[in-house]
Amino acid sequence: MSDKQYDLVVIGGGPGGYVAAIRAAQLGMKTACVEGRGALGGTCLNVGCIPSKALLQSSEKYADASRHFAEHGIKVEGLGLDLAAMMARKDKVVKELTGGIEFLFKKNKVDYVKGWGSIPAAGSVKVKLVGGGEETLSAKRILIATGSESTPLPGVATDEKQIVTSTGALALDKVPGKMVVIGAGVIGLEMGSVWSRLGAEVTVVEFLDRILPTMDAEIGKQTQRILGKQGLKFKLATKVTGAKNGKNGVTLTLEPSAGGAAEELKTDVVLVAIGRRPYTEGLGLKELGVAMNNRGFVQVDENFESSVKGIYAIGDCIPGPMLAHKAEEDGVVAAERMTGQKSHIDYNLVPGVVYTWPEVAGVGKTEEQLKEAGVDYKVGKFPFTANSRARSVGDTDGVVKVLADKRSDRVLGVHIIGPLAGDILAECVTVMEFGGTAEDIARTCHAHPSMGESVKEAALAVDGRAIHI
Ligand SMILES: Cc1cc2nc3c(=O)[nH]c(=O)nc-3n(C[C@H](O)[C@H](O)[C@H](O)COP(=O)(O)OP(=O)(O)OC[C@H]3O[C@@H](n4cnc5c(N)ncnc54)[C@H](O)[C@@H]3O)c2cc1C
């Protein structure tokens, strides 16, 4: 007989798992959440979204003080960097937020079981407790929310000192003279920006011939140009085939992606940021017969139930955008569907944000996707150089691009590079959730002066009637 009986046991306390556990408890399910890392919040709070944003903010303030204060008439003398203090602040932010989730668990009566879970059979979760010993939980339903891990690059073994994953890149104890970032995706560009702003000479090596491959190509090009002006160097269409650690750094071997002569690149630190892969190790899914796709993601139906009845999965370990807010929505929808509600998430409307400065943000279809699907569309664009708030703040790099259906005017995609792009994108996501049109955005009164006025103007531009350009 199992020790404890639950309606739902969630394995993994990341944004998917902890949100699902809280929502399930709100809906009256007796719920436990099993987490092995010793803190709640998963990758996102511990070694992902939150620490990276803390360092992006600190490094941005440093870069502002060293490069931009003068243009505002502010003189700074004796500017210096205390990296240990910057890291301590980041750690404090993480600790406060992960502790906050423990409080939310108590408030909602979710049992937090500290240990690594496995599923010996449907209906049962065995936990290897962090403090020693084992506990077995009996569960009507089990929700797998075990997230993801960095994808390794063959020939470039990480040691989290000289050759690091994002986790190591969040905790370097000194600013490297030179840093090579392998992979021009979101994590590579964010962490590359952090260390570049703090003084490292950063080169980003990317296999493809463009950066941010999942985002709108035009916006990607602008991003590369703007980050290039900030000092990041890019080596595109290049693959890294090997790495040699030495006393004085790392020597990487590079080749053109299409084949050709190899070259060497010497650096102090290498960040491997070529993507993330689902993490389901130790759960016993193979033995249970849980169906996975060819990339190791758990396959689920519209209720987030796997091929084994009573076992569900959400977040980074199932297909879909590997983002914290998507994992959270998965968690809410999964819990609600367990109680018979017909909740729904549309993965086409999951916004993606890169927290460089300026930020890059997008939702819906890119122009390339619309072309490929043969959709007739209209484009409206508005540059931040023509936005009065952007000019008064001094952040004029970037553009808003609205893509709308040619006949119905329905908004199909919005892509922004610019100040606070992630925040100003939110109104577009709402409009798209309601099936709204460019005209709907254009007719909406936006505060003046605000960055959001660029969204309104881009929506007006869809119909060729932007006012301020
Ligand atoms: C550097 C970095 C920056 C990022 N920035 C952003 C961002 O700005 N915005 C954004 O939306 N996304 C960001 N992400 C992605 C985001 O972190 C993930 O999409 C999100 O954390 C996925 O949530 P999840 O709940 O599915 O999994 P995770 O957050 O990975 O949580 C899974 C948890 O399960 C635990 N676990 C695994 N196996 C077991 C087991 N057997 N027993 C018990 N516990 C287990 C793990 O310890 C982990 O805590 C970033 C990621 C990284 C690495």
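Here are a few questions and answers on salt bridges in this predicted model.

User: How many salt bridges does the structure hold?
Analyst: Side chains of opposite charge can pair when their charged atoms come close. Going by a cut-off of 4 Å between nitrogen and carboxyl oxygen, the count for this structure is 21.

User: Which residue meets Lys53 in a salt bridge, and where does that partner sit?
Analyst: Look at helix H3 (residues 49-68), which holds Lys53. The N to O distance in its salt bridge with Glu190 is 2.8 Å. The two are 137 residues apart, so the pair links distant parts of the chain. The partner is Glu190, in helix H6 (residues 186-197).

User: Is Glu190 buried or exposed?
Analyst: Buried means under 20% relative accessible area. Glu190 comes in at 4%, so the label is buried.

User: What about Lys90, which pairs with Asp91: buried or exposed?
Analyst: In this salt bridge the closest N and O atoms are 3.3 Å apart. Asp91 has a relative accessible area of 44%, so it counts as partly exposed. Lys90 has 6% relative accessibility, which makes Lys90 buried.

User: Which residues are joined into one network with Lys381 and Glu218?
Analyst: Start with the pair itself: Lys381 and Glu218 form a salt bridge with their closest N and O atoms 2.7 Å apart. Lys381 lies in strand S19 (residues 377-383) and Glu218 in helix H7 (residues 217-229), 163 residues apart. Salt bridges that share partners tie this pair to Asp216, Glu367, Lys371 and Lys401.

Methods: Residues are numbered from 1 along each chain as its sequence is written. This is a predicted model: local features need pLDDT of at least 70, side-chain atom pairs count only at pLDDT 80 or more; totals for chains, interfaces and linings use all residues. Side-chain values use heavy atoms; hydrogens and water are left out. A salt bridge is a side-chain nitrogen of Lys or Arg within 4 Å of a carboxyl oxygen of Asp or Glu. Helices (H or I, at least four residues) and strands (E, at least two) are DSSP runs, numbered from the N terminus. Buried means under 20% relative accessible area, exposed over 50%, partly exposed in between (1.4 Å probe, protein chains only).
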